[in-house]
Amino acid sequence: MGGPWVEPEISRTVAVEVWFCSVDDLDCGDHDHISTLLNPDEQARNRRFLVEYPRRLHAAAYALARHAIGRRLGLPPMELRFDRAPGGRPFLAHPAGALDFNLAHGGGLAVCALADGCRVGIDVEPADRPELSLELLDGLLAPGERDRLAGRQGSARQEALVALWTGKEAIAKAHGDGLSLPLDRLAVPEGDGPVTMTAIPGALPPVWRLHRLRPDQRHRLALALALAPDASALICVHDATEVFRGRRPPAASAGSA
Ligand SMILES: CC(C)(COP(=O)(O)OP(=O)(O)OC[C@H]1O[C@@H](n2cnc3c(N)ncnc32)[C@H](O)[C@@H]1OP(=O)(O)O)[C@@H](O)C(=O)NCCC(=O)NCCS
C-alpha cells in the first residue's frame, strides 16, 4: 500500500481541511500565474498534458496543495516536497509525516483534502455525470448496492450513482491501491457513515468512513477518512478560487506596471 501509514486515531477529534478551486472561474493570466507556483518536476509533468483543460486542473491541484499544506504547517509553499508511492499515491516527503493529503482534479474543480493524524482520500465528480450507469459499474458493486440503485429512477438514480462512485474512489484513494482495490468488496453508504470492507489487506481495523460534501451546485465530493468508530472529524471546507484570481506571474506584473 502506498505512502507512510498513518495509524487511525482513537477517541479524539481530527481536524480535516478540504480545499477546492474552480478553474472555470479563473482567466488565462490566473492560469499562467498558477503554473509558476509549481516546482520544476510538477511543471515538467504538467507540460505533458496535451489538452489545456486537464493541464490547468492538474496545475491548480498542485498549487492548491502547496497553498493549503503550507498554510496549515506555517511553511512557504515551495519548501514542501511531495513524493509518490508505488501505486501512485502522492504523499508529503518534506516535512515527512507532518500530515496526510490527497488530490482530485476533474469536472472543473481541483480539490485537496488534508488531515493531521488520519489517512484521507478525496474524489470529485460533476453532480450530473450521464455516462455513469448501472451497466458501467457492473462487477464493481457490493451486495445490496445494485438493488439500491435499481430502486431509483431518473435524477435520483443519477445522484445515487455519483454518490456511489465518488465514495468508492475516495476510499480507494485513501487506502492507496486506487482502482486496483476490489471495489465490489467495498460497500459504501448512501450518505455519511462507515464503509464495510470485506477481506481487503490493510483495511483492518474497519475504521473507514465517508463524508459527502457539496462545494457548489455543480459538483459532488466524497471524503474518506481512516478514523476509529468513536473518533470524530471536524471538517472545514475552503473555496480557494479567490486566492488564485486576479494574480499574474511576476514578469507579467512588472511589464504591466
Ligand atoms: C487514483 C485513481 C483512482 C485516480 O482516479 P481519477 O478519477 O482518474 O483521478 P482523480 O482526479 O480522482 O485523482 C487523481 C489524483 O489522485 C492521486 N492518486 C494517484 N494515484 C493514487 C493512489 N493510488 N491512491 C491515492 N491517490 C492517488 C494523484 O494525486 C492524482 O493526481 P496527479 O496524478 O495529478 O498527482 C486511479 O487513477 C487509480 O486507481 N490509480 C492507481 C493506478 C493503479 O491501479 N496502480 C496499481 C499498482 S501500480
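User: In this predicted model, what makes the shell around the ligand a matter of both domain 1 and domain 2?

Analyst: The shell draws at least three residues from domain 1 (9-118 + 227-251) and at least three from domain 2 (119-215). The domain bounds come from an automatic or database domain assignment.

User: Which elements give two or more residues to that shell, and which gives the largest share?

Analyst: Helix 3 (52-73), strand 4 (100-106) and helix 5 (154-175) each give two or more. Strand 4 has the largest share, with four residues.

User: Which residues come nearest to the ligand?

Analyst: Tyr62, His105, Lys173, Gly176 and Leu179, out of 19 residues around the ligand. By class, the shell holds five nonpolar, eight polar and six charged residues.

User: Why is the approach of Gly176 to the ligand called a polar contact?

Analyst: A polar contact is a pair of N or O atoms within 3.5 Å. A backbone N or O atom of Gly176 lies 2.8 Å from a nitrogen atom of the ligand, so the pair qualifies.

User: How do you know that Asn102 and Asp123 also make polar contacts with the ligand?

Analyst: A polar side-chain atom of Asn102 is 3.1 Å from a ligand nitrogen. For Asp123, a side-chain N or O atom is 3.0 Å from a ligand oxygen. Both distances are within 3.5 Å, so both pairs count.

User: How much of the ligand does the protein bury?

Analyst: The protein buries 68% of the 890 Å² that the ligand exposes when taken alone. The space taken by the ligand is the largest pocket.

User: What makes the bond between His94 and Pro95 stand out?

Analyst: The peptide bond joining His94 and Pro95 is cis, with omega about -5 degrees. Most peptide bonds are trans. Pro95 is in the loop between strand 3 (90-94) and strand 4.

Definitions and conventions:
Residues are numbered from 1 along each chain as its sequence is written. This is a predicted model: local features need pLDDT of at least 70, side-chain atom pairs count only at pLDDT 80 or more; totals for chains, interfaces and linings use all residues. Side-chain values use heavy atoms; hydrogens and water are left out. A residue is near a molecule or strand if one of its heavy atoms lies within 4 Å of it. A polar contact is a pair of N or O atoms within 3.5 Å; within protein, one must be able to donate a hydrogen and the other to accept it, and residues adjacent in sequence count only if both atoms are side-chain atoms. Accessible areas come from the Shrake-Rupley method with a 1.4 Å probe; for residues, only the protein chains shown count as cover. On a 1 Å grid over the protein atoms alone, a cavity is a set of points where a 1.4 Å probe fits but cannot get out, and a pocket is an open set with protein on both sides within 12 Å along at least five of seven lines; lining residues have an atom within 4 Å of a point. A molecule sits in a cavity or pocket if more than half of its atoms lie within 2 Å of its grid points. Ala, Val, Leu, Ile, Met, Phe, Trp, Tyr, Cys and Pro count as nonpolar, Asp, Glu, Lys and Arg as charged, and the others, Gly among them, as polar.
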